[in-house]
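Student: I should like to learn how to read the features of a protein model in a systematic way. Where should one begin?

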Amino acid sequence: MPDMLVRLYDLPEGAETALPEAEGIQIRRAMAPDKFRVVAWVREHTGISAAGECDVCFSRPAVSCFIATRGKEILGYACYDATAPDFFGPTSVLDTERGKGIGRALLLRCLAAMRAEGYGYAIIGGVGPAQFYEKCVGAVLIPDSSPGIYRDFLGGMGR
């Protein structure tokens, strides 16, 4: 799976406060007390490799993981600066909650946070839904980027 590049200086208006279309869903930066719940959720819904990446995000002074919740229920998450600096991901939304703008809101919040930290560009590593990223943020494929940074880890290319 190739990587994609996003121009952070060209994000849609309001990226830092993006919300999903569905009512009653909150998007926020995860906090230290959320760590074990969030990492366990990521492991259950995305896998052990993504959980390892997410865990790293909680060691940063500003946690680099955003979560989507409805009340106390986690609906999705998105991380950045997990496996490598300037990389967006991993990310996922529950199958039952897709199509409600949650993934887009999580993506925009993370990318806006990266821009606020001084990045000019972001790399989306090992992209699955390339059309989603093209549509949401104008991401472009990086030529010859597959296999990318995930080629040598113990889990193989499937993360």
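Tutor: One begins with the elements: helices (H or I, at least four residues) and strands (E, at least two) are DSSP runs, numbered from the N terminus. Pro-90, for instance, is found in strand β5. This is a predicted model, in which local features need pLDDT of at least 70 and side-chain atom pairs count only at pLDDT 80 or more, while totals for chains, interfaces and linings use all residues. Residues are numbered from 1 along each chain as its sequence is written, and side-chain values use heavy atoms, with hydrogens and water left out.

Student: Which residue is joined to Pro-90 by a cis peptide bond?

Tutor: The partner is Gly-89, and omega of the bond is about 5°.

Student: In what order do the strands of the sheet lie?

Tutor: Strands of a sheet pair through backbone hydrogen bonds, either parallel or antiparallel. Two strands count as paired if DSSP finds at least two bridges between them. Here an open sheet of 7 strands follows the order β2-β3-β4-β5-β6-β1-β7, with mixed pairing. Because β2 and β7 (140-141) stand at the edges with a single partner strand each, one side of each has no neighbour in the sheet. Further in, β4 and β5 run antiparallel and are joined by 4 bridges; Ala-78 has Thr-91 in β5 as its bridge partner.

Student: What is the backbone like in the loop between β4 and β5?

Tutor: Asp-81 lies in that loop, as does Asp-86. Asp-81 is not a glycine, yet has a positive phi of about 55°; for Asp-86, also a residue other than glycine, phi is near 75°. On accessibility, buried means under 20% relative accessible area, exposed over 50%, and partly exposed in between (1.4 Å probe, protein chains only). Asp-81 is buried at 8%, and Asp-86 is buried at 17%.

Student: Which residues of α1 are buried, and which are exposed on the other side?

Tutor: An α-helix has 3.6 residues a turn, so residues three or four places apart point the same way. In α1, Val-38, Val-39, Trp-41 and Val-42 are buried. They lie on the same side of α1 because they cover an arc of only 160° around the axis, the arc being that of the directions from the helix axis to the C-beta atoms. Phe-36, Arg-37, Arg-43 and Glu-44 are exposed on the other side.

Student: How is a pocket identified, and what lines the largest pocket?

Tutor: On a 1 Å grid over the protein atoms alone, a pocket is an open set of points where a 1.4 Å probe fits, with protein on both sides within 12 Å along at least five of seven lines; lining residues have an atom within 4 Å of a point. Grid points are joined across faces, edges and corners, and a volume is the space filled by probe spheres set on the points. The largest pocket has a volume of about 760 Å³. Its lining has 33 residues, with Thr-91, Ser-92, Pro-129, Phe-132 and Tyr-133 nearest the centre. β5 gives the largest share of this lining, 6 residues.

Student: What is the volume of the second largest pocket?

Tutor: The second largest pocket has a volume of about 220 Å³. Two residues already met on α1, Arg-37 and Val-38, are among those that line the second largest pocket.
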